[in-house]
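Biologist: I have a protein with a ligand in front of me. How should I read the ligand site?

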Amino acid sequence: MQIFIDSADLAEIKEAVALGVVDGCTTNPSLLAKAGRKIETVIPEICEIVDGPVSAEVTATDYEGIVKEGRVLAKLHKNVVVKIPLIEAGIRAVKTFSQEGIKTNVTLCFSATQGLLAAKAGATYISPFIGRIDDVAGEGIQLIEQLVTIYANYGFKTNVLAASIRHPVHVVQCATVGSHCATLPLSVIRQLLKHPLTDIGLEKFLADNKKASEKAK
Ligand code: G3P
């Protein structure tokens, strides 16, 4: 499963990339606002740090506006993936971009029917928001499983990019059902690494090593 960092904060992105496990980056207007950055300046900077796809989201909601904005974003760097909301105008724009060879990430996906249409339009990635489905007492992981199955059934090339990931259990669930990618906040990437038994075990190894080298003196 590919791991993307879900952030527009350069320090966070650098920290995640330094671990050597990051395949790409996703941003959205909320993350840009949190980082206090403008899309046209931060995206090229992220592309210098991340060697992989970097999603940049349009804010237009009409077809002409999405296409115009997406073409500008796509020119920022060869690794830019244009992120488009899952609305009627968005699906039309995805089709246009797929004919132009511009990669797309269709965001705010909350149902398998939406995901099916995004794939038919030629989306490169689909972003189902599993945490937000869980927030309203749904089972976000079921949507990931459905999309993985539907895409495999018909040979769609669209990659499932699980988003709105809140904790390590989401990551394990996504990997278990075969999600192609998952985008994680840095806090969750850090959590994936942690295990108290690792810390306890390491402490004992180091203490024993110290004792042994003192004895050997
Ligand atoms: O990738 C989408 C993500 O940023 C949304 O996460 O936690 O706001 O639902 P959240």
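Modeller: Begin with the shell. Around the ligand stand Asp 6, Asn 28, Phe 129, Arg 132, Ala 163, Ser 164, Arg 166 and Thr 183. Keep in mind that this is a predicted model.

Biologist: How do the residues of the shell divide by character?

Modeller: The shell holds three charged residues, three polar ones and two nonpolar ones. Arg counts as charged and Ser as polar.

Biologist: Which side chains have a polar atom close to an oxygen atom of the ligand?

Modeller: Look for pairs of N or O atoms within 3.5 Å. Arg 132 places a polar side-chain atom 2.6 Å from a ligand oxygen. For Ser 164, the distance from a polar side-chain atom to an oxygen of the ligand is 2.6 Å. Arg 166 has a polar side-chain atom 2.8 Å from an oxygen of the ligand.

Biologist: What share of the ligand's accessible area does the protein cover?

Modeller: Take the area of the ligand on its own, then ask what the protein covers. Alone, the ligand has 310 Å² of accessible area, and the protein covers 79% of it.

Biologist: Which pocket does the ligand take?

Modeller: The ligand takes up the space of the largest pocket.

Biologist: Now zoom out. How many helices and strands does the protein have?

Modeller: The protein has eleven helices and eight strands. Its C-alpha trace spans about 75 × 35 × 30 Å along the principal axes.

Biologist: What percentage of the residues is buried?

Modeller: Buried means under 20% relative accessible area. Of the 217 residues in the protein, 46% are buried.

Methods:
Residues numbered from 1 in each chain as written. Predicted model: local features only at pLDDT ≥ 70, side-chain atom pairs only at ≥ 80, totals over all residues. Heavy atoms only, no water. Near = heavy atom within 4 Å. Polar contact = N/O pair within 3.5 Å; in protein donor to acceptor, adjacent residues only side chain to side chain. Areas by Shrake-Rupley, 256 points an atom, 1.4 Å probe, with all protein chains shown as cover. 1 Å grid on protein atoms, 1.4 Å probe; cavity = no way out; pocket = protein on both sides within 12 Å on 5 of 7 lines; lining within 4 Å. Sits in = over half its atoms within 2 Å of the grid points. Helix = DSSP H or I, 4+ residues; strand = E, 2+ residues; numbered from the N terminus. Buried < 20%, exposed > 50% of the residue type's maximum accessible area, 1.4 Å probe, protein only.
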